Amino acid sequence: MALAGRTAMWWARLRSPCPAVVPLCYPPWLPVGPVAWERLYSSRGQEKLDMSMYPVESIRNFSIIAHVDHGKSTLADRLLEITGTIAKTDHNKQVLDKLQVERERGITVKAQSASLFYNHDGVNYLLNLIDTPGHVDFSYEVSRSLSACQGVILVVDANEGIQAQTVANFYLAFEAQLAIIPVINKIDLKNADPERVEKQIEKLFDIPIDECVRISAKQGTNVEKVLQKVIEKIPPPQCNTTDPLKALVFDSTFDHYRGVIANVALFGGEIQQGHKIVSAHTKKRYEVNEVGILTPNEQPTHKLYAGQVGYVIAGMKEVTEAQIGDTLFLYKQPVEPLPGFKSAKPMVFAGMYPIDQTEYNNLKSALERLTLNDSSVTVHRDSSLALGAGWRLGFLGLLHMEVFNQRLEQEYNMSVILTAPTVPYKAILSSAKLIKEYGKAEITIINPAQFPDKLSVSEYLEPTVLGTIVTPHEYIGKIIALCQDCRAVQKDMLYIDEHRIMLKYLFPLNEIVVDFYDTLKSLSSGYASFDYEDAGYQAADLIKMDILLNGNPVEELAMIIHHDKAHATGKFLCERLKDAIPRQLFEIAIQAAIGKKIIARETLKAYRKNVVAKCYGGDITRRMKLLKRQAEGKKLMRKIGNVEVPRDAFIRVLKRQTDK
Amino acid sequence: WPYCRKRCSYCNFNKYVVPVVDEEAVATCLVREARTLLCLSQVQSVTSVFFGGGTPSLASPHTVAAVLEAVAGAAHLPTGAEVTLEANPSSTSTSPLAGFKAAGINRLSIGVQVRGAPPHPNLHSPPMPSAATPLTPPQSLDDAELQLLGREHTAAEARGAAALGFCDNHLSLYQLTLEQGTALAAQVWGGALPAPPQDLLADMYQTARAMLVAAGFRHYEVSNFARKGSLSTHNLSYWRGEQYIGVGPGAHGRFVPWGEGSHSREARVQTLEPDAWMREVQSRGHGTRRRVVLSLLEQLEELLALGLRTDEGVTPERWGHLSPHLSLEAVFGVPGEAKDLQEQGWLVLDSRGLRCSWEGLALLDSLLPGLLCQLQQH
């Protein structure tokens, strides 16, 4: 899959042991002395901490934001080590990336938090680090994490310089009026050029050069200085323990035994076991079972106080109870709820169906659990003649969709059928009958099966995004051609230094959904970066295209596309399908159709001979093993008419590049 | 007989090329293992014996005679029983053949590689065994293996026709199968040698079939043709799911070890490496390395996968012998994959059993996964 290529292009996370740094202050739950170096960050069987020794003035809540692979997770590992939160070993790699998929892909998908204890100038500080995801798909999570912070560390790679996501993340923090500490990482690399990066930061973000901290997170160089800057430059939270309880739920996880674990930031008051609390969103009442901090695993405490960040377990069992952005307050002491967040806005929709309908209920419960840990996925029940009962899911982007699917497989052992991703199109209806049926004239189409006919529509609309590309100037020609091929309109072009250009383009969202990022990366040898933000809708000439196998439509591949792209896309899909479908006992016609009109066709010829030549006494065991594997594989095939298609074939053909 | 003179680029058999073979020791072990396993199986009568390899024609007739004596001593070996020796034409000169015949061999299986012009110039290609021809009174040479591999359709046909001239009543015709771990496979998969186009291979197979049937041969298995009733009894027993005992390094067997009080058919494999095998035979009478009890389902799966390779197919009698309560008709005569395949003309199910049609036989490997799925559902 093209994604593998993308991951491989990212910086390999090789870390060497760093020079010994003695923690300046041991965390309170570690007995001082050699035994302290046992890895002790499991929450069970430990003394509860007293958090009252950390008043608001000694608390700093901050996030690390960065372009992907600029070393965010490595810096987090070093900060955890220096503060003694985790024992310093060679194995601390992406400690905050708990999910298997995060470690495999070297990306952070889900924000994690950790409380660090640090002594500076004789004062014990409580530093709450809220890690953020590092991919453009997850920028929604970044803004959520930032709502619990007063400042950020903005990490920029000393070699790569400012990238598209650096720009996007900077503006998120800037608009939230957070203190920003620019950090230039990887100064140990041979090609590091921190002066150039400092100039870029000054030019683009208007931050004086002398405010940048040059570090090597990998080797631990200057990481202490970052902590000191956090204390000096980031203000403590503005809140009061004597106020009534006001806790913002900024994340939640699900534990099979303990139910919902809500990550909270206290904007007022205190909370402890036995408190009766109320959710401002659902008005439901709960009794608190446990509170604590994350170090980064759960560490129970007696209480949590205003300004602190931690977790609350309060007998929430249902998926819908821990609404992210919700405010918790004490029973009978209601407070004005915090503003919360805009809900995540799905950019990509796809149908998800069990391979076997008998698995429907298992898949349903897996989806419920997974969406509790990933509330940015939207779920609507859906059904189709061909695929049975299933769901239409909304994702933040294609990577998000792939990660979600991978988590279903890894954590819940579920294999599913996914349809071609589609963006949320709109149609302005002209047919009175349809307007009455929908109850409105403007409808959103998230499933190609519901695409209304041109005759009953006055205008179709497609979503657009404003994309930012940062690239070395030698690739500019190829990138402009790529953008034009994607029907994009140039909005801005700026040299951020002598070699690098920042481009802004207005893209139709559907053009960048599937593989724009991969293509951009490959034609710029990995040097160009990309980020985008929502930019509303524009009118577009849209049609629905079906792919047929021997006359039967492939529901997974039905798509809404721009009229100008239909022929090329249809031809391309037919060619790719021809390679992806194994030969069978009969000839297979692979066609692309708009309505009844066939616009492209390929023919896959029938098998004429498929039988192993020799099968005698010594061959039988091996032969049977192979046959049984084929029989198992056959059960997993998707049948369209009587054509058998491997399950991943459809998603594979949508990717433009075949290379791994 | 696990030894060969040289390694052939296409062969993945369990074989060893060593400078000196202690033939007496090997022969003693073969005899001992044959006795032990026959006794374990409590088989009353042996219908056929097959000396395979390696290159068994490199062994001496004495060894063959000793093994046959042991078999006849442990079970009944009827006078007319088929006793085959696999031979390499270049190692099959006239005088030892007479010795083998005297030792009891009454059927010779000769492997010949045929190739068209270029793509595989290095393929082991001995001359046609004209030296053996004078020795060919009807019984002694009736089985020649041909591995056809070529670009030129006509070349294959011509060579097939030439083969008809010297083999009288039996022909096994194989298109080359690239086996994992062979030099040839590495060359083809690595792109150093071209793979023949699928359609050409299909054409060659169909032409050869038609030609042989026109010449009076019965196409009785995917790759086997016989006339005047010269079918290979030994190989038929594999495809019919009968019992067989494998003796020697790496040999496979399928039998019920009644001698141990067991009632279950087992898949057995002897130790691969000859020296280790000999040590085991010397110390415990046999070199069985692996034995797996076959479930009823597995036995039926094998019967299906093997039986459908033959023109008689899986007969109701053989199926009923394993599965008295669930008939062929009950499994494959009901709506499902098998029924679809029958309607499409690839399979036939009638009172004579389940078998492939003429067209279906060439596509058997595409039919089997679906049939196995259907069987597993019962």
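Rings of Phe, Tyr and Trp count as a pair if their centres lie within 6.5 Å. With that cut-off in hand, this tour goes through a predicted model, beginning with a group of such rings.

**Stop 1: the ring cluster in chain A**

Select A:Tyr505, A:Phe507, A:Phe516, A:Phe530 and A:Tyr532; ring pairs link these residues into a cluster. Now keep A:Phe507 and A:Phe516 on screen. A:Phe507 is buried, at 0% relative accessible area, and A:Phe516 is buried too, at 1%. The planes of A:Phe507 and A:Phe516 stand at 65° with the ring centres 5.0 Å apart, which is over the 60 degrees needed to call the pair edge-to-face.

**Stop 2: helix 13 of chain A**

A:Phe516 leads into helix 13 of chain A, which covers residues 516–523. How many of the residues of this helix are buried? The count is 7 of the 8, so helix 13 is largely enclosed by the rest of the structure. To see them, select A:Phe516, A:Tyr517, A:Asp518, A:Thr519, A:Leu520, A:Lys521 and A:Leu523. The list of buried residues includes A:Asp518 and A:Lys521. Step just past the end of the helix to A:Ser525, where phi is positive, at about 50°.

**Stop 3: A:Thr464**

Go next to strand 23 of chain A, residues 457–472, and pick out A:Thr464 within it. Is A:Thr464 buried or exposed? Its relative accessibility is 2%, so A:Thr464 counts as buried. Show its contacts, leaving out residues up to four places away in sequence. One set is A:Leu506, A:Phe507, A:Pro508 and A:Leu509; A:Thr464 also touches A:Asp534, A:Ala535, A:Gly536, A:Tyr537 and A:Gln538. A:Phe507, a member of the ring cluster, is thus among the residues that A:Thr464 touches.

**Stop 4: a stacked pair in helix 5 of chain A**

A search of the whole structure gives 20 aromatic pairs over all chains. One of them joins A:Phe170 and A:Phe174, a stacked pair with 5.4 Å from centre to centre and 20° between the planes. Both residues sit in helix 5 of chain A (residues 164–175), 4 residues apart, so about one helical turn separates them. In general, an α-helix has 3.6 residues a turn, so residues three or four places apart point the same way. Colour the two by accessibility: A:Phe170 is buried at 3%, whereas A:Phe174 is exposed at 51%.

**Stop 5: a four-stranded sheet in chain A**

Select strands 17, 18, 19 and 20 of chain A. These 4 strands form an open, antiparallel sheet in the order 18-19-17-20. Strand 18 (378–384) and strand 20 (416–418) are at the edges; each has a single partner strand, so one side of each is without a neighbour in the sheet. On average, neighbouring strands of this sheet are turned by 30° against each other, direction ignored.

Zoom in on strand 17 (residues 348–354) and strand 20 of chain A, which pair in the antiparallel sense over 3 bridges. Which residue of strand 20 is the bridge partner of A:Tyr353? That partner is A:Ile417. Then add helix 9 of chain A, residues 398–412. Helix 9 lies across strand 17, strand 19 (388–395) and strand 20, and runs at about 20° to strand 17.

**Stop 6: a hairpin in chain B**

Move to chain B and select strand 11 (residues 347–350) and strand 12 (residues 353–356). The two run antiparallel and are joined by 4 bridges, forming a hairpin with 2 residues between them. B:Leu347 has B:Cys356 of strand 12 as its bridge partner. Both faces of strand 12 are covered: B:Gly353 and B:Arg355 are buried on one side, and B:Leu354 and B:Cys356 on the other.

**Stop 7: the cysteines**

Stay on B:Cys356, which is buried with a relative accessible area of 13%. In chain A, compare A:Cys149, buried at 6%. A disulfide is a covalent bond between the sulfur atoms of two cysteines. Over all chains the count of disulfides is 0.

**Stop 8: zoom out to chain A**

Chain A holds 16 helices and 33 strands. Of its 660 residues, 59% count as buried. Among contacts in chain A with a separation of 6 or more, 71% are between residues 24 or more positions apart. With the surface turned on, chain A exposes about 26,900 Å², and carbon and sulfur atoms supply 51% of that area.

How values were computed:
Residues numbered from 1 in each chain as written. Chains lettered and ligands numbered in written order. Predicted model: local features only at pLDDT ≥ 70, side-chain atom pairs only at ≥ 80, totals over all residues. Heavy atoms only, no water. Disulfide = S-S within 2.5 Å. Buried < 20%, exposed > 50% of the residue type's maximum accessible area, 1.4 Å probe, protein only. Pairing = 2+ DSSP bridges. Axes fitted to C-alpha atoms, helices over the stretch in contact; angles between N-to-C directions. Contact = heavy atoms within 4.5 Å. Areas by Shrake-Rupley, 256 points an atom, 1.4 Å probe, with all protein chains shown as cover. Phe/Tyr/Trp six-rings, centres within 6.5 Å; stacked < 30°, edge-to-face > 60°.
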